[in-house]
Every structure is written in C-alpha cells, then in structure tokens.
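Trainee: Please take one part of this model and look at it closely. I would like the internal cavities, and then the packing and sheets around the rest of the fold.

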Amino acid sequence: VATHRITISRSEALSFKAFFEHFKHLYRHYGRVLVINLIGQRDHEKHIGDEYRNLFNLFVKTFKQAQNNQRSLVNRLSERDFIWFDYHEQSRSIRNLTPEQFVQKLLIENAQYSIEHELQRQSIFTWFDGVLHSSQKGIFRINCIDCLDRTNNVQLTIGLNILSMQLKYLNKQCDLYHIADKLREMWVNNGDHISRIYTGTGALGQRSKAKDIQRSVGRAIQNNLRDDEKQQSMQTLIYTYAKDSYLHERSVAALFTPYVISDGIILSEMFKNRRNYVNKDKIRISIGTWNINGDKNPALEHEYPAILDAWMLDGPENLPSKRRKANTIPTLGYSTNDYVKSMPDILAIGFQEICDLTASNIVSKSSSNANRWVNNVRNHFKRTDPNNEYILLGMDQLVGVCLAIFIRRGLAPYVKNIGIDTVKTGMGGAIGNKGCVAIRLVLHSTSICFICAHFTAGQNEYNERNKDYRSIMEKLSFQPPSRALWHDHIFFLGDFNYRLTSSRGQVEHFIQNQTYIELLEYDQLKKERTDGKVFREFNEGPINFPPTYKYDIGSDVYDTSEKARTPSYTDRILWRSTSPNVQATQLYYGRAEVKTSDHRPVNSIFDVDIEICDEKKLYDEYVQIYKRLAPSNALIIYDMRADLSQRKHQLMDEFDSYVKRKYGSDISIVDRFCTSNQRYLSVHMFFENGEHARRVMEPKEDQLPSGIFFSKRLIDLNEDIALSQKLNILFADANQTMDPESIAYDPGAYQQPARESLSTLQDVNVAGIVPGEELSLISGNDTDDNYQENTVGELISFDSDHHAKHDFSSNNNLQSQPMHALFDENSFDPLHFSSQSVSNNTKTNNNNLLFDNHTQSTGSTFYIDPFNIAAPSPRQTDSPLNMFPTSLVNSTNSENNNNRSTFCHQQPHQFVPSRPPPPVPSVAASIPAPMPNNDSQRQLTLKNLSLNPKNNNNELMSDLLDLGDPGSPPPSPKFDPFG
C-alpha cells in the first residue's frame with residue numbers, strides 16, 4: 001500500500017547524541033560491532049542509509065579524536081566496520097539459490113566484505129565439562145527499514161554459521177543437519193509469530209495474488225488504525241505506567257528513565273523532595289507570531305535580515321523610549337528595565353496564512369514559503385552570530401499554520417522526547433484552514449510545549465474561537481507527557497482573531513491617545529479569560545502597543561476597504577508555567593513595524609527556568625526515600641483466636657474501622673485478607689507505605705470494641721536485599737560487559753562533534769513531517785513498488801525439496817512488511833538506563849519467510865573424531881542445504897581460551913550516578929562460573945506502579961483537566977506490594 005515516505009526530522013548534529021550513547025553501550029557491552037546495513041541504495045531508502053552511514057563515520061571520528069589517535073586504540077574502530085549490502089539489488093543477480101545460500105555466497109563468503117573473517121575473529125562462547133573453551137568477542141548489528149524479512153534471513157544464515165562453529169567444539173556425537181533444521185524451524189516460527197503481532201498477518205502459508213492482496217489490506221489496516229494502540233502498549237511496558245497518569249507522565253520528563261518505573265508512592269515522594277537533587281539554570285526564549293497574509297511578496301528577500309532583527313532579536317532595542325539603532329525597523333511595546341540583550345537559546349517562530357487558504361492548498365499544502373522562511377532564518381543566524389550555530393529542532397505545517405523551533409547547537413545533546421502534533425479545527429475539525437501546530441521537547445529535566453494556532457475569524461464569532469481553543473487542548477496528544485497542560489512551560493502563540501467590541505471611531509481615539517489599558521477593556525480575549533472560558537491559568541504580559549490588525553499593506557493606515565474592519569489585537573502570545581518553582585519571566589512584549597502584511601508581527605522574549613537533575617543526588621534521594629518507606633511490603637498481621645474464623649468478613653470491617661478511628665483517616669489501607677490454622681485466625685493488612693505500618697504497630701497488643709483481643713506482627717523483609725533487587729531492576733547491566741576485553745572499546749564520555757566533522761553543516765528539510773513522530777514511515781511495503789524483478793518474498797519461498805518455488809524472471813511484486821519507525825522519540829534514553837541484559841537478537845521478523853515444513857535431512861550422523869581414527873562418515877554433498885564446509889564434519893581443532901566469558905562487572909573510572917554500581921558482587925576471574933541468572937528478580941507490574949489519583953467531581957475543571965495545585969504532585973497512588 002504505497003511506497004516508503006521516509007522523512008528525517010532530526011539533523012545529524014541533533015541525532016548524534018542518541019546515536020553515540022547507543023553505540024557506546026554496544027561497544028562497551030559486547031566489544032567489536034560489525035554493522036550490516038541491508039537498506040536499499042536507491043529511491044526512498046537511500047536517504048536514511050546515507051544518514052546512518054554518516055552518523056557511524058562521525059562516531060568513528062569522535063572515538064579516534066578521544067583516543068588522541070593512538071595507533072593501538074584507533075584501529076579498534078574503523079569506517080570499514082559499516083557494510084552496506086543492498087539486499088534487493090543483489091537479489092536480482094542470483095538464480096536458483098535458497099535465501100541462505102544467497103546470503104552465504106553474496107554476503108558472508110564475498111571477499112569484498114569481512115564477514116567470514118569477522119565470524120572467526122569474534123569467536124563464540126563455549127563452555128562444557130567445567131572448562132571455558134572460547135569466549136565471544138563481538139556482535140553483528142543487522143538492520144533493514146523495518147528489521148523484518150531481510151534482517152531475519154541474514155541473521156538466520158549467520159546463525160547457521162555460528163552453529164557450525166559451536167558444534168566444532170563439542171565432544172559428543174550429533175546430527176549436524178538435524179540440528180540445523182531445528183534452528184531454521186525456530187527462526188521461521190519466530191518470524192511468523194512476530195509478523196502476526198507486528199502486522200496482523202502471518203509470514204507462513206501458500207502464496208497467491210489473492211493472498212498477497214488480503215495480506216496487504218490487513219497490514220494497511222494494522223498500520224493506519226492500530227499503530228497508536230501498539231505504541232501505547234510499548235510505552236506501558238517500557239515505563240510501566242497507565243496513560244493519563246499525571247504523576248508517571250510528568251516523571252518521564254522530570255526524572256531519568258530508570259526512576260520512571262518506580263512505585264507510585266516513591267515517585268510522589270521524589271517530586272515532593274525535588275529541590276534536594278535539582279539545580280536551576282535559565283535559558284532565553286524568543287517567540288514570534290505573524291500572519292503574513294499568504295506571503296504574497298517573496299521578492300523582498302533583501303529585507304529579511306532587517307525583519308528578523310526587529311521581529312525576533314533586537315525588538316527591545318528599537319523601542320522609541322530606548323536608543324534607536326541606525327537603519328532598523330522600529331518596534332513598539334513593553335520591556336523590563338533590567339533587560340540585557342543576549343542571543344536566545346531557543347527561537348519559536350510561528351506563521352499563519354503562510355500560504356493562501358485556497359481549496360488546493362487545503363487539500364495539498366504548499367511548503368515553498370515555509371521552506372524559504374526557514375532557510376532565511378538559518379542564513380541570517382550564520383551571518384549575525386557565526387560563533388553560535390542554531391539547529392532546526394522541529395518544524396511542521398498545517399495548511400497556513402507553520403511552526404519552527406530553533407535551538408543552540410550546544411543545547412542539542414540535552415534535548416529529548418521531541419514531539420509534534422497538529423489539530424484541525426476548520427469545519428468542526430474536518431479541514432485544516434484553521435487549527436494548530438504544536439512542538440514539544442524536554443530540555444534537561446524540564447518539558448516545554450509550543451503551540452501555534454489560528455482561530456476562527458469574524459467579529460462576533462468568539463464562541464467559535466472558544467471552541468477552537470478547547471478542541472486544541474483536548475485533542476493535542478504527544479508521547480509522555482501526553483497532554484499539553486502537563487508540561488512545565490506552555491507557550492501559546494498565534495492569530496487568535498479575538499476582536500475589540502468598541503466602535504472603530506472610539507478604538508482609533510484610544511490608539512491616538514495611546515491609552516491601551518482602556519482600549520483592552522473592550523478586548524474579547526480578556527473578557528473570555530476573565531470568565532474562565534479559555535486560557536485559564538495562562539498569563540499575558542502588558543500590551544503597550546496598538547492593535548496589530550488590520551492594516552492596508554505597505555502603510556500605517558488601518559483597513560480602508562469596504563468592510564472597514566475595527567482594529568483588533570488578534571495576534572497574541574500567552575504562557576503558563578505549571579510549577580511555582582520553575583517559572584518563565586517575560587522581558588519584552590511588542591510588535592515590529594513590518595508593513596508587508598495586513599498584520600504586524602508580534603514578539604515576546606522570556607527568561608525561563610530550567611531544572612537540571614544532579615544524578616548522584618537523585619540516586620541518593622531515591623535510596624533515602626526507599627529506606628524511609630521501609631518495610632517495602634508494609635504488611636501487618638493481626639493474630640487472634642482460631643474460633644473466630646466464622647466471623648472473618650465481619651472482623652476485616654472491624655479492623656478497618658479500628659485503624660481509621662485510632663490512627664487517623666490519613667492511614668491508607670491497600671488490601672487485607674484472612675488466613676487461619678488450628679491455632680490462630682490472622683488478618684493480613686497492607687498499608688500504603690512502611691511509615692503508615694510502623695505507626696499502626698503501636699501498641700503491639702490491643703482489642704477491638706467488640707472485646708476481641710489480638711496481637712500485631714510487622715513483617716519486616718531484609719531491606720538491604722530488597723533494595724539491591726530494586727536497584728538491579730532500575731540499573732540493570734549498567735557496568736556489565738560480555739568480556740573483560742570489551743571495555744577497551746568504550747569510547748568514553750560524549751563529546752560534541754566539531755562542526756567541520758559533520759557531513760552537512762545545516763539541518764535536513766523537515767517541513768511536512770508526520771505529526772508526533774521523529775521518523776515517519778508511511779507504507780505497507782517492505783519493498784518499493786518500482787521493484788519489478790524478483791523480490792525478497794520470492795527469494796525465500798521454498799518447496800519441500802529446498803528449491804525456489806517461483807520463477808525468478810517473474811515480475812510479480814509481492815506485498816511485504818509494513819514499516820514502523822526506526823526509533824521512538826518518547827523512548828529516547830541517552831544514558832541507556834532502561835536497557836536490560838542486551839542480546840544481539842534484535843526484534844526481527846521475516847515477514848515473507850515462507851518456508852514449508854522440511855523433512856528431516858537424510859544426512860548421516862555427525863561424529864567428532866579428535867584423533868582422526870575412524871573414517872569420516874558419508875556425507876551428502878549435493879544438497880542445496882550443504883552450506884557447511886567439509887572441514888567442519890571432522891574438525892576438532894578446538895582453541896582453548898582462558899578468558900572468562902561470564903558477565904564481568906567493570907568499575908567505572910569515577911562514580912557516575914547514572915550508572916550506580918550494581919549490588920551484585922563481581923565474580924573472581926579465576927573461578928569458572930556460568931552465566932548469572934536474574935530470572936528470580938521480582939518483576940514490577942502496571943498494577944504496582946500506576947493508579948490514577950481520584951478527581952473531586954465538585955471542583956472546577958482547569959481548562960479540560962483538573963490538575964489541582966500545579967506546584968505539587970497529585971495524591972499518592974495506592975501501592976500494591978503483591979502486584
């Protein structure tokens with residue numbers, strides 16, 4: 001269903017931090033990494049393949065610079081470790097080969113690549129009879145666009161080669177071909193199951209035109225209608241929280257990834273004590289909004305520098321009350337007395353009517369004007385501030401509404417969770433002539449959301465404008481934090497179209513006398529805000545400038561057309577800061593006297609508080625809270641006579657009343673149940689936390705109002721072990737390596753790459769990216785529609801004799817796997833906290849692995865003969881499945897290796913709170929030990945960690961959501977110790 005529409009929404013400089021941290025983890029954990037990139041080298045796939053290779057080459061350059069070009073170290077990483085094998089293009093050159101033979105001959109045994117040599121170099125892990133014979137030294141990182149069919153086939157073939165190497169070291173008789181068939185069957189079934197989960201259709205079954213169409217339609221439905229559900233399920237598994245849980249969603253931005261999966265009560269306490277582990281900093285943000293009336297005069301490009309200076313950068317310096325700069329566009333507005341000019345750290349530039357709102361543009365938007373403005377902004381920054389590079393963080397357009405966010409390059413490594421969304425409000429949400437574009441980001445530990453909107457026009461349509469606002473706030477949705485109002489800072493800008501209700505003559509009188517305070521008493525937006533209908537809890541600075549709408553183009557005269565519209569303040573910038581500890585301070589609010597449109601551009605400059613988590617302090621705070629709330633199970637057992645078991649239900653109610661009456665209503669009981677034996681009846685009561693349980697423990701003996709005596713027992717766990725288990729869950733494998741030697745591949749701390757090292761100094765053009773995704777892949781195919789020759793689906797279809805079913809000269813273009821995003825901005829984890837013990841078996845699926853059930857191979861039994869005494873067994877050498885070299889049949893040249901292959905905990909050079917040392921002690925290198933098994937660790941569940949706080953229905957809702965006190969977290973969720 002259509003072809004790939006791949007759009008990259010991040011520049012190379014902006015993407016490199018995430019790329020660096022991912023590959024740093026791979027190299028540190030596994031040692032050598034050989035990248036096998038199966039993406040096509042033409043059409044839509046080539047672009048992302050080029051970006052992938054550029055980032056890898058940049059990673060290698062950075063590593064070499066960090067090692068000061070020491071020859072013994074820099075040779076560990078090389079640009080040659082990136083192999084680009086165009087699977088589809090190569091498949092055209094082969095005939096009558098099974099997919100395994102195709103990969104074996106054209107990729108693994110191809111002298112152009114180093115894979116066969118790398119297989120021997122990376123070696124394998126073998127341990128038997130208490131002796132370590134060899135250890136693994138590296139991995140392969142294999143990918144295609146969706147990491148399904150092509151990736152699965154290459155991994156299967158490499159797996160078969162690894163199997164032959166493993167069998168080489170065994171000292172037992174085995175049937176090589178039988179084991180290979182079993183491995184192949186496992187891969188095929190695994191691919192089929194993943195395909196059903198991922199695409200809604202299986203990979204096995206007979207092929208036909210009808211089946212292909214049916215499969216294609218099913219995948220299209222899955223891809224377009226059910227992706228959101230699958231993504232939410234992934235987020236729930238990753239972060240272990242329920243959507244719309246304010247506490248957990250805010251923690252995604254405010255805390256580092258490991259702590260997000262903590263119990264709700266611990267998260268609540270961490271937010272209360274936030275000042276103990278955060279440092280504050282300030283950044284400067286410049287925000288501009290302008291309705292440019294279709295940008296009908298693009299020939300004025302020579303005026304762009306002066307327009308941008310007056311509008312976005314130098315506005316406060318061009319006010320009449322201040323010293324005017326020569327040859328500049330004047331500005332009008334308000335600025336604080338302590339304003340000191342500095343280049344902004346973030347620029348948010350919003351446009352309305354960036355193209356004419358014609359029917360053709362509504363159906364298919366024109367991005368030429370938006371791209372021209374973005375390019376002019378870039379070029380202007382290069383000229384005016386060459387020492388500070390600005391990166392396009394995100395950009396999107398909804399017909400005439402466009403929003404672009406620029407950020408200083410030095411801040412780019414600290415940005416995560418970029419999200420983009422649009423909402424249509426025209427014709428009841430059906431069309432995009434009116435609506436909004438929103439971009440949000442998390443900088444350090446602070447979330448910021450920018451919303452650029454264009455509301456319904458018309459003098460008396462203020463109710464429709466109110467509906468537009470409510471619709472936008474209701475429908476805007478990102479990955480966590482999902483709602484706009486749940487961000488630390490929200491900036492709302494645009495042409496809101498609220499009018500002045502006074503007569504034009506009176507309005508012009510106020511303007512002439514510059515009595516703007518009196519004029520604003522007739523402002524519709526001010527009245528609607530006062531009545532609590534829109535923008536509740538938002539702020540707007542003093543308006544000390546004339547109305548911005550509607551002028552005759554090229555003049556200072558308000559509308560002289562037949563309609564003679566009343567001048568109005570349609571163009572506005574409002575903001576809201578959720579937490580009282582993190583605020584935005586407005587330094588300037590004004591307009592620039594640019595006359596190329598019937599609106600004047602408006603600008604506001606802010607100093608914004610940003611919180612930066614101190615990782616060590618955050619770690620210490622977590623440990624202290626955990627110990628303070630101990631025992632973690634918060635369980636008290638009440639013991640009484642066994643003959644009361646008939647009244648156990650009544651007794652549980654009596655104990656509830658007893659606790660509330662004696663210890664207060666603030667004591668939260670999570671659950672209770674009864675057990676009994678011949679001697680006692682016991683009531684087990686779980687409390688919200690250990691503090692509550694300890695309070696209820698005094699006195700240790702008591703009686704109910706009914707006269708029943710009982711004793712209390714506090715079930716106290718070994719909290720040191722419990723805390724160690726919790727930290728193991730949070731910081732799994734942070735300092736583990738597969739082999740001690742792999743630590744030599746650690747590239748060290750992240751360093752911002754030099755500007756000249758980038759393959760492109762400027763950002764990619766991202767106008768029109770799919771809302772809410774950092775990489776949009778809109779397709780139902782894994783193969784391009786232009787491929788008219790044999791496809792991967794035809795390559796990997798077999799009959800029972802292991803020969804290709806299809807004629808490779810056929811032009812049948814089989815439907816392949818729908819695409820999915822290569823990476824998820826809301827799961828971005830630059831410190832790889834969330835990674836568990838990593839396997840090189842990436843999530844792969846061969847969507848078109850259409851293997852039939854093979855009969856068991858008739859090859860003879862495989863024998864190991866270390867002294868070559870017995871004659872070699874007969875071997876079937878003409879089978880298409882014979883991909884193992886003859887030397888492997890009786891090869892027993894086992895290489896003994898004294899290196900340990902168990903996971904070795906490596907101590908970091910210094911304590912880094914993001915990588916706290918695991919509590920499990922290191923195993924001595926001289927003592928052989930099997931791989932540690934952590935399966936016994938107790939798993940955290942959604943029920944444990946996420947319960948939404950209850951709303952009071954009688955309270956007035958804030959806009960759409962009742963957030964309560966924005967400065968404090970919501971009530972603590974209930975803690976269920978048994979999940």
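Mentor: A cavity here is a set of grid points where a 1.4 Å probe fits but cannot get out. Its volume is the space filled by probe spheres set on the points. Keep in mind that this is a predicted model.

Start with the count. The structure holds 8 cavities of 30 Å³ or more. The largest cavity has a volume of about 70 Å³. Its lining consists of 10 residues. Nearest the centre of the largest cavity lie Arg378, Phe381, Lys382, Glu389 and Tyr390. By class, 5 lining residues are charged, 3 are nonpolar and 2 are polar. Helix α16, residues 368-384, gives the largest share of this lining, with 3 residues.

Now follow α16 to its helix partner. Two packed helices are described by the angle between their axes and the distance between the axes. Helix α14 (residues 304-313) packs with α16 at an angle of about 85 degrees, and the axes are 10 Å apart. Angles of 65 to 115 degrees count as roughly perpendicular, so α14 is roughly perpendicular to α16. On the α14 side, the contact uses Tyr304, Pro305, Ile307, Leu308, Asp309 and Leu313. On the α16 side, Arg372, Trp373, Asn376, Val377, His380, Phe381 and Arg383 take part. Phe381 thus appears in the contact with α14 and also among the residues nearest the centre of the largest cavity. The contact of α14 with α16 divides into 8 nonpolar, 2 polar and 3 charged residues.

Tyr390 leads on to a sheet. Tyr390 is among the residues nearest the cavity centre, and strand β10 covers 390-398. The sheet is open, has 7 strands and mixed pairing, and runs in the order β8-β17-β18-β7-β9-β11-β10. β10 is an edge strand, as is β8 (331-335), and each pairs on one side only. Neighbouring strands of this sheet are turned by 20 degrees against each other on average, direction ignored. At the β8 end, 5 bridges join β8 to strand β17, residues 584-592. β8 and β17 run antiparallel. One residue pair to find is Tyr334 with its bridge partner Tyr589 in β17.

Next, the second sheet. This one is open too, with 3 strands in the order β3-β2-β6 and parallel pairing. β3 (82-84) and β6 (138-143) stand at the edges, each with a single partner strand, so one side of each is left without a neighbour in the sheet. On average, its neighbouring strands are turned by 20 degrees against each other, direction ignored. Strand β2 (residues 32-37) is joined to β6 by 6 bridges, and the two run parallel. Leu34 has Phe140 in β6 as its bridge partner. Helix α1, residues 12-30, packs on this sheet and touches β2 and β6. The direction of α1 makes about 145 degrees with that of β6.

Last, another helix pair. The axes of α5 (residues 99-108) and α7 (residues 149-168) come within 9 Å and cross at roughly 80 degrees. That makes α5 roughly perpendicular to α7. α5 contributes Pro99, Glu100, Val103, Gln104, Leu107 and Ile108. They meet Asn153, Val154, Leu156, Thr157, Ile158, Leu160 and Asn161 of α7. By class, this contact has 8 nonpolar, 4 polar and 1 charged residues.

Key
Residues numbered from 1 in each chain as written. Predicted model: local features only at pLDDT ≥ 70, side-chain atom pairs only at ≥ 80, totals over all residues. Heavy atoms only, no water. Axes fitted to C-alpha atoms, helices over the stretch in contact; angles between N-to-C directions. Helix = DSSP H or I, 4+ residues; strand = E, 2+ residues; numbered from the N terminus. Parallel < 35°, antiparallel > 145°, perpendicular 65-115°, else oblique. Contact = heavy atoms within 4.5 Å. Nonpolar A, V, L, I, M, F, W, Y, C, P; charged D, E, K, R; others polar. 1 Å grid on protein atoms, 1.4 Å probe; cavity = no way out; pocket = protein on both sides within 12 Å on 5 of 7 lines; lining within 4 Å. Pairing = 2+ DSSP bridges.
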